Amino acid sequence: TKIVSELQADPDINQILGISDFTAGLPAALETAGLSVGTFVYPGEPQTYEYIKNGEIEGTFATALASEFYTAMDMVLRSSQGMELTKGEQNGILPAEILTQKDITFDPKLGWEPEPNFVETFEKFWHVK
């Protein structure tokens, strides 16, 4: 309601950038109010991915908590073994991606992962099993 009111009060606003928690129900509210603005949110969540897939919002800056954990652990382990980290890893950059409608080729309910089977890859590399 607050977003719709703000958009109605200021017709120069043509883009919403926000946290995905605030977008629950937003596409329907915008449609009911007859408003059309671009919407881009962070982080990606199942509902967000569904909205993107249906063309109701433009996109998201997606992150995946489980992948972030495994990637961070991999970085620590490789660093402790004297293995070289990429420049991004040296700067603490973890997996993230901008996703738009063409990228939602996965089941939105299952969420996004930057690398399929990352757990198995991690286990194989570090001889966990």
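This passage describes the largest pocket, the aromatic pairs and two buried residues of a predicted model. Residues are numbered from 1 along each chain as its sequence is written, and side-chain values use heavy atoms, with hydrogens and water left out. Because the model is predicted, local features need a pLDDT of at least 70 and side-chain atom pairs count only at pLDDT 80 or more, whereas totals for chains, interfaces and linings use all residues.

The largest pocket has a volume of about 230 Å³. A pocket is here an open set of points, on a 1 Å grid over the protein atoms alone, where a 1.4 Å probe fits, with protein on both sides within 12 Å along at least five of seven lines, and lining residues have an atom within 4 Å of a point; the volume is the space filled by probe spheres set on the points, which are joined across faces, edges and corners. The lining consists of Ser67, Tyr70, Thr71, Asp74, Pro95, Pro114, Glu115, Phe118, Thr121, Phe122 and Phe125, and the elements that give two or more residues to it are α4 (65–80) and α6 (118–125). Helices are DSSP runs of H or I with at least four residues, strands are runs of E with at least two, and both are numbered from the N terminus. By class, the lining has six nonpolar, three polar and two charged residues, where Ala, Val, Leu, Ile, Met, Phe, Trp, Tyr, Cys and Pro count as nonpolar, Asp, Glu, Lys and Arg as charged, and the others, Gly among them, as polar.

The structure holds six aromatic pairs, defined by ring centres of Phe, Tyr or Trp (its six-membered ring) within 6.5 Å, with planes under 30 degrees apart counted as stacked, over 60 as edge-to-face and the rest as tilted. One of them joins Tyr49 and Phe106 edge-to-face, at 5.2 Å centre to centre and 85° between the planes. Tyr49 lies in helix α3 and Phe106 in the loop between β4 (96–100) and α6, so this pair ties together parts that are 57 residues apart in sequence. Both residues are buried (under 20% relative accessible area with a 1.4 Å probe and protein chains only; exposed is over 50%, partly exposed in between). Phe125 and Trp126 also form an edge-to-face pair, at 5.0 Å and 85°, and Phe125 is partly exposed at 43%. Phe69, Tyr70, Phe118 and Phe122 form one aromatic cluster.

Thr48, in helix α3 (residues 46–53), is buried at a relative accessible area of 2%. Leaving aside neighbours within four places in sequence, Thr48 is in contact (heavy atoms within 4.5 Å) with Ser20, Thr23, Val41, Pro43, Ile57 and Thr60. Glu89, in helix α5 (residues 87–90), is likewise buried, at 16%, and touches Met75 and Arg78, not counting residues up to four places away in sequence.
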